Amino acid sequence: MPRTATAEAPPPISPHLLDLREMLRGDPKPLARFDVGELTVALYRTTDSAFAVIRRGRSGGLAVRAAFIPTSFDCEPLPPEPGEAARLRLTSAMGEHVVTCFANRDAVERVRIVTRFTPARPTILPFAPRDLYPLGAGDDPTRATGEVEATQRGLNTGLLYFRIDEPAFGNVLYIQNLTASNDYYRATGTVPREAVAGAWPELGYALPVPEPQADPAKVALTPGQTVTLSDAILVFRHQAPPHERESARQFVQMLGNGYDLLEPPPVEYRDWIDRAERTIGDLEHAPEATIRHYGHRYIHPYTASEYPDIMVQMTVVAALHQWSRWLGEPVPLQAELQAGLSKFYDEELRTFRRYLPNVGKDKQADAVDSWYLYHPLLNLGTLALDGDREARDLFLKAIDYGVRAARHFDYRWPIQYDVTDFSIIEKDAPVDGRGQTDVGGVYAWVMLQAFELTDDKTYLDEARAAIDAAIGLRFNINYQANLTAWGAAACMRLWRITNRDVYREQSYVYLASFLHNAVLWDSRIGHAVHYETFMAVTCLQDAPYMAMYECFDSFVAFEQYLNDGGPDLEPEARMLLGEYCRYVLSRAWYYYPDALPPEAIAEEQREANGHVDRSLSFPLEDLYPDGQPAGQVGQEVYGAGAAFIFASRAFHHVEGAPFRLFCDMLVRAVERIGDRALSILLDGGETRTANLRLVRLKRRKLTDSSITAASGETIAPDMTGTDRVDYRVPAQGRLILTWE
């Protein structure tokens with residue numbers, strides 16, 4: 001039997017594609033037209049749709065389905081309102097669709113198309129085709145060639161990043177602003193899981209529709225109530241990138257340019273100092289938090305459950321170390337927990353084991369996840385670089401085994417292996433057939449710590465080898481969010497040390513992969529109405545939830561990245577990471593069970609992961625963009641360090657002042673320039689703002705204060721109270737704070 005060369009077969013053609021092609025072949029007169037930069041946008045109708053066709057001269061184009069109406073309809077252009085480029089009204093027996101177009105040319109060309117629908121009667125919308133069609137020669141979608149780099153993962157940002165090579169149209173980032181359609185999802189019982197995807201040449205957003213067996217009375221749209229069906233943002237670059245590093249840089253740049261159009265929600269003030277004080281009290285006194293072995297105290301990974309392990313122990317120790325530095329005095333619990341670290345060390349293997357020697361037989365005592373070997377070393381290295389001699393000794397005793405493991409696996413680590421002989425227990429994750437692709441990043445950071453501690457160039461070479469091995473992974477570099485963040489930080493530090501631009505460029509590959517897993521929308525679905533999701537990042541490449549540990553560890557990594565990036569960092573990268581850190585300080589509050597209503601918390605937790613105790617100030621592991629009950633995995637004691645990290649970064653002591661300074665943007669520098677005057681340098685996004693607050697100290701009284709921007713403009717407070725004075729200030733630049 002002859003074999004069919006399927007690779008050469010033309011793409012499948014749907015009736016929707018044919019309808020568009022036939023309409024364009026007829027060279028119809030557009031209903032409306034406008035320009036943005038070098039792009040021309042024209043609005044047309046077919047038998048069942050309204051389209052915006054975007055062209056750049058004769059270099060191909062893109063058709064965007066603005067509305068799908070599978071019945072007869074009337075279509076009329078309306079005068080655009082202020083700020084709009086075009087407006088259409090489509091009227092049918094279903095009701096009224098209004099399509100509004102916006103155009104903006106700042107750094108790059110941006111087009112936004114918003115479609116709202118007002119039903120005339122109780123309505124269940126039918127299946128709708130996807131909304132993007134690249135156009136080839138003769139406006140034929142079947143003749144366009146290109147490549148899709150990234151699509152929506154799960155319930156993360158509804159994005160599509162692709163390029164059109166023939167005709168040479170360039171790079172396109174499509175973002176579906178899912179926040180705008182919350183009312184639709186809630187009314188219809190739908191969720192936009194992987195709603196932005198497709199197979200070339202039919203790409204884009206497919207509006208979720210109710211399950212066929214759903215009760216019509218419960219999923220029909222209400223007559224007269226307007227819902228947003230689509231809010232599509234498109235960002236364009238003329239030149240397709242020549243390699244993955246430039247592709248990643250353009251992705252970050254284009255995402256930053258689309259960010260403002262998402263209309264990010266406000267952030268709230270959180271008292272992380274109070275949370276940290278409550279957390280340390282629970283760590284010290286709650287029997288569910290710790291357990292004793294070999295005369296030492298160890299952290300339970302989850303409430304009163306699971307065996308102590310080295311990653312958990314070091315994560316809490318390192319966070320307590322940060323808290324101690326902020327307080328300016330020792331924290332006895334840090335020393336108590338640190339005293340038991342040596343019991344994890346195997347003198348024969350000269351490495352740390354995951355578990356203590358007395359771990360139960362229900363665990364594989366010799367098994368280690370690849371990243372588990374290095375993350376404890378990262379935290380030990382941080383302590384060592386801060387002058388802790390015991391941490392330095394332990395770090396240097398274990399570092400050579402880490403190098404041997406990396407070389408054995410040729411810098412491409414499996415999921416899990418046997419620590420005694422490197423035999424692989426689990427090579428790849430079933431979901432994507434890949435190992436722990438971003439372990440090389442955290443390994444590189446550890447090697448750079450070793451280089452700084454010893455001045456041994458071997459470790460610098462190891463860091464370079466690990467980063468070099470990851471080149472070519474493109475958007476598949478992310479395995480676990482915090483490891484990817486440390487990879488970005490390692491690349492930027494390598495660039496600072498070696499002055500080789502390839503490492504700064506490669507940092508954008510890690511950063512793009514991290515942001516690909518972001519949740520750039522504020523879900524109001526299900527229980528998510530009780531917490532914040534905007535700018536969160538799902539913890540694993542396939543995880544359906546956001547996790548506190550990965551959240552605050554990424555925060556720490558990005559602080560290092562921004563410090564090393566300096567003025568050479570892509571402005572959009574600086575802005576997006578500044579916003580990530582800013583939103584963390586607001587959003588992370590809801591991981592704590594006392595911040596959620598009881599009904600939003602799962603009644604049962606994963607087997608062996610203990611239980612949820614709302615009285616304990618330890619975070620839940622899992623929050624879900626689709627509003628599933630939180631805490632299904634468990635309440636992570638190992639996430640307790642979050643409060644210490646956030647408090648020590650957001651609050652700043654001001655000697656002699658009646659307040660502490662709070663800022664929800666990472667502060668680059670604070671300098672005392674007078675008895676009652678500070679110079680404060682912020683380094684966030686040029687177009688963004690930050691919240692600066694003066695928080696009254698106990699038994700003190702706030703006095704009059706003033707903030708002046710670098711321009712000399714005096715910034716009036718947003719709110720003045722007896723306990724706090726709030727200012728909204730530019731996120732970038734120098735500020736002068738004075739007080740009476």
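How do the residues of the lining of the second largest cavity divide into nonpolar, polar and charged? The legends below take up this question and then turn to other close-up views of the structure, which is a predicted model.

**Figure 1. Lining of the second largest cavity in the predicted model.** The lining comprises 9 nonpolar residues, 1 polar residue and 2 charged residues. The space enclosed by this second largest cavity is about 60 Å³. Its lining is formed by Ala 481, Phe 514, Ala 536, Val 537, Met 546, Ala 547, Glu 550, Cys 551, Ser 554, Tyr 580, Arg 587 and Tyr 591. Two or more of these residues come from each of strand 24 (536-537), strand 25 (546-547), helix 14 (548-565) and helix 15 (571-587). Helix 14 provides the largest share, namely 3 residues.

**Figure 2. The largest cavity and its lining.** Searching the whole structure yields 5 cavities of 30 Å³ or more. The largest cavity has a volume of about 240 Å³. It is lined by 18 residues, of which Ala 67, Phe 68, Ala 128, Leu 207 and Leu 229 are the closest to the centre. Strand 4 (61-68) and strand 15 (227-237) are the elements that supply two or more residues to the lining of this cavity. With 4 residues, strand 4 makes the largest contribution. Sorted by class, the lining of the largest cavity contains 12 nonpolar, 3 polar and 3 charged residues.

**Figure 3. Contact between helix 14 and helix 15.** Both helices also contribute to the lining of the second largest cavity. Their axes come within 10 Å and cross at roughly 145 degrees, and the crossing is left-handed. On the side of helix 14, the contact involves Glu 550, Cys 551, Ser 554, Phe 555, Phe 558, Tyr 561 and Leu 562. The residues of helix 15 that meet them are Arg 574, Leu 577, Tyr 580, Cys 581, Val 584, Leu 585 and Arg 587. The contact of helix 14 with helix 15 consists of 10 nonpolar residues, 1 polar residue and 3 charged residues. Among the contact residues, Glu 550, Cys 551 and Ser 554 of helix 14 are also listed in the lining of the second largest cavity. Tyr 580 and Arg 587 of helix 15 likewise belong to the contact and to that lining.

**Figure 4. Crossing of helix 10 and helix 12.** The axes of helix 10 (residues 439-454) and helix 12 (residues 481-498) come within 7 Å, with a crossing angle of roughly 45 degrees. Helix 10 is therefore oblique to helix 12. The crossing of these two helices is left-handed. Helix 10 contributes Val 439, Gly 441, Val 442, Ala 444, Trp 445, Leu 448, Phe 451 and Glu 452 to the contact. Helix 12 contributes Leu 483, Trp 486, Gly 487, Ala 489, Ala 490, Arg 493, Leu 494 and Ile 497. In the contact of helix 10 with helix 12 there are 12 nonpolar, 2 polar and 2 charged residues.

**Figure 5. Crossing of helix 5 and helix 6.** The axes of helix 5 (residues 272-285) and helix 6 (residues 310-327) come within 13 Å and cross at roughly 130 degrees. This angle makes helix 5 oblique to helix 6. Helix 5 passes helix 6 in a left-handed crossing. From helix 5, the contact draws on Ile 273, Ala 276, Glu 277, Ile 280 and Leu 283, and from helix 6 on Val 316, Leu 320, Trp 323 and Trp 326. The contact of helix 5 with helix 6 holds 8 nonpolar residues, no polar residue and 1 charged residue.

**Figure 6. Cis peptide bonds at Pro 167 and Pro 201, and the positive phi of Tyr 411.** Most peptide bonds are trans, and most residues other than glycine have a negative phi. Glu 166 and Pro 167 are joined by a cis peptide bond with an omega of about -5 degrees. Pro 167 belongs to the loop between strand 11 (158-166) and strand 12 (170-176). A cis peptide bond also runs from Trp 200 to Pro 201, where omega is near 10 degrees. The loop between strand 13 (196-199) and strand 14 (202-205) contains Pro 201. Tyr 411, although not a glycine, has a positive phi of about 65 degrees. Tyr 411 is located in the loop between helix 9 (389-408) and strand 21 (416-418).

Notes:
Residues are numbered from 1 along each chain as its sequence is written. This is a predicted model: local features need pLDDT of at least 70, side-chain atom pairs count only at pLDDT 80 or more; totals for chains, interfaces and linings use all residues. Side-chain values use heavy atoms; hydrogens and water are left out. On a 1 Å grid over the protein atoms alone, a cavity is a set of points where a 1.4 Å probe fits but cannot get out, and a pocket is an open set with protein on both sides within 12 Å along at least five of seven lines; lining residues have an atom within 4 Å of a point. Grid points are joined across faces, edges and corners, and a volume is the space filled by probe spheres set on the points. Ala, Val, Leu, Ile, Met, Phe, Trp, Tyr, Cys and Pro count as nonpolar, Asp, Glu, Lys and Arg as charged, and the others, Gly among them, as polar. Axes are lines fitted to C-alpha atoms, for helices over the stretch in contact, and angles run from 0 to 180 degrees between N-to-C directions. Angles under 35 degrees count as roughly parallel, over 145 as roughly antiparallel, 65 to 115 as roughly perpendicular and the rest as oblique. A crossing is left-handed if the near helix is turned anticlockwise from the far one by less than a right angle, and right-handed if clockwise. Contact means heavy atoms within 4.5 Å.
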